[in-house]
Amino acid sequence: MATPDMCVYCFDALVAHFDKGPVPPPSFANQSFPLFVTWNKASKRGDGGDLRLRGCIGTFSGRPLHTGLHEYAVTSAIKDTRFDPVSKAEVSQLHCSVSLLTNFEEAPSVWDWDIGTHGIWIDFKDPSTGVHRNATYLPEVTSEQGWTKEEALESLVRKGGYKGRLTPELCAVIKLTRYQSSKHSLSYAEYCEIRKTRDGTPERLSSSSSSSSRR
């Protein structure tokens, strides 16, 4: 379901945000999906090796792809509070991933999901403060980090803001929803090649990109 064209559109949206120009119309159907847009940064310009997360934001509510990908392409790049906003100078080092979420199921227990297959969404009330907490990891996160299920859950409750330990008592009150995703990724270099083939524009970002400052 996720396609290269969706990643191209996300790059188009981010480039247009920095250049204050129009976004080319999308070339894919405007279906509705829960979705996430992820930006990773290569360790070196043009290097497809080690990637570092620069932003990942999405929604579990179904959104029309045209408006949803446009919105979250920019939001995940500049409004993920875990990181400094992506700068214009970084765009040429970015890799974009689009994840369309499917097959949501409430799990019978917090252990009833498969690493590498399921994303997990947890929802619980903090037993010490009464604060409602939730957090998610996309399907690829646990396997990429080399975590066990217990390690993934320990990390996820911390991501949700919980400061205590993952105890059997806490596990008993966590509601876990498992889901799957269709994912596609594209580097900036691949994006430029696609754009060059389609409209003869080898470099989408304006030449002033190197002078941009971080917000």
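Mentor: Welcome! Let us start with a term: contact means heavy atoms within 4.5 Å. This is a predicted model, in which local features need pLDDT of at least 70 and side-chain atom pairs count only at pLDDT 80 or more, while totals for chains, interfaces and linings use all residues. Residues are numbered from 1 along each chain as its sequence is written, and side-chain values use heavy atoms, leaving out hydrogens and water.

Trainee: Thanks! In what order do the strands of the open sheet stand?

Mentor: Strands (E, at least two residues) and helices (H or I, at least four) are DSSP runs, numbered from the N terminus. Two strands pair if DSSP finds at least two bridges between them. The open sheet has 6 strands with antiparallel pairing, in the order β2-β1-β3-β6-β4-β5.

Trainee: Why is one side of β2 and of β5 left without a neighbour in the sheet?

Mentor: Take β2 (51-64): β1 pairs with β2 over 10 bridges in the antiparallel sense. At the other end, 6 bridges join β4 (residues 119-125) to β5 (residues 132-137). One side of each is free because β2 and β5 stand at the edges, each with a single partner strand.

Trainee: Which residue in the turn between β4 and β5 has a positive phi?

Mentor: β4 and β5 run antiparallel, and Phe124 has Arg133 as its bridge partner in β5. The two strands form a hairpin with 6 residues between them, and the positive phi, about 80°, belongs to Gly130.

Trainee: At what angle does α2 run to β2?

Mentor: Axes are lines fitted to C-alpha atoms, for helices over the stretch in contact, and angles run from 0 to 180 degrees between N-to-C directions. α2 lies across β1, β2 and β3, and its angle to β2 is about 150°.

Trainee: Which element gives the most residues to the largest nonpolar core?

Mentor: Such a core is a set of buried Ala, Val, Leu, Ile, Met, Phe, Trp, Tyr and Cys residues joined through side-chain atoms within 4.5 Å. This one has 34 residues, of which Val37, Trp39 and Leu69 touch the most other members. Elements giving two or more residues include β1 (32-42) and α2 (65-78). With 10 residues, the top contributor is α1.

Trainee: Is Arg178 buried or exposed?

Mentor: Buried means under 20% relative accessible area and exposed over 50%, with partly exposed in between (1.4 Å probe, protein chains only). Arg178 lies in strand β6 (residues 175-187), and its side chain has a polar atom 2.8 Å from the backbone oxygen of Asp112. At a relative accessible area of 15%, Arg178 is buried.

Note on methods. A polar contact is a pair of N or O atoms within 3.5 Å; within protein, one must be able to donate a hydrogen and the other to accept it, and residues adjacent in sequence count only if both atoms are side-chain atoms.
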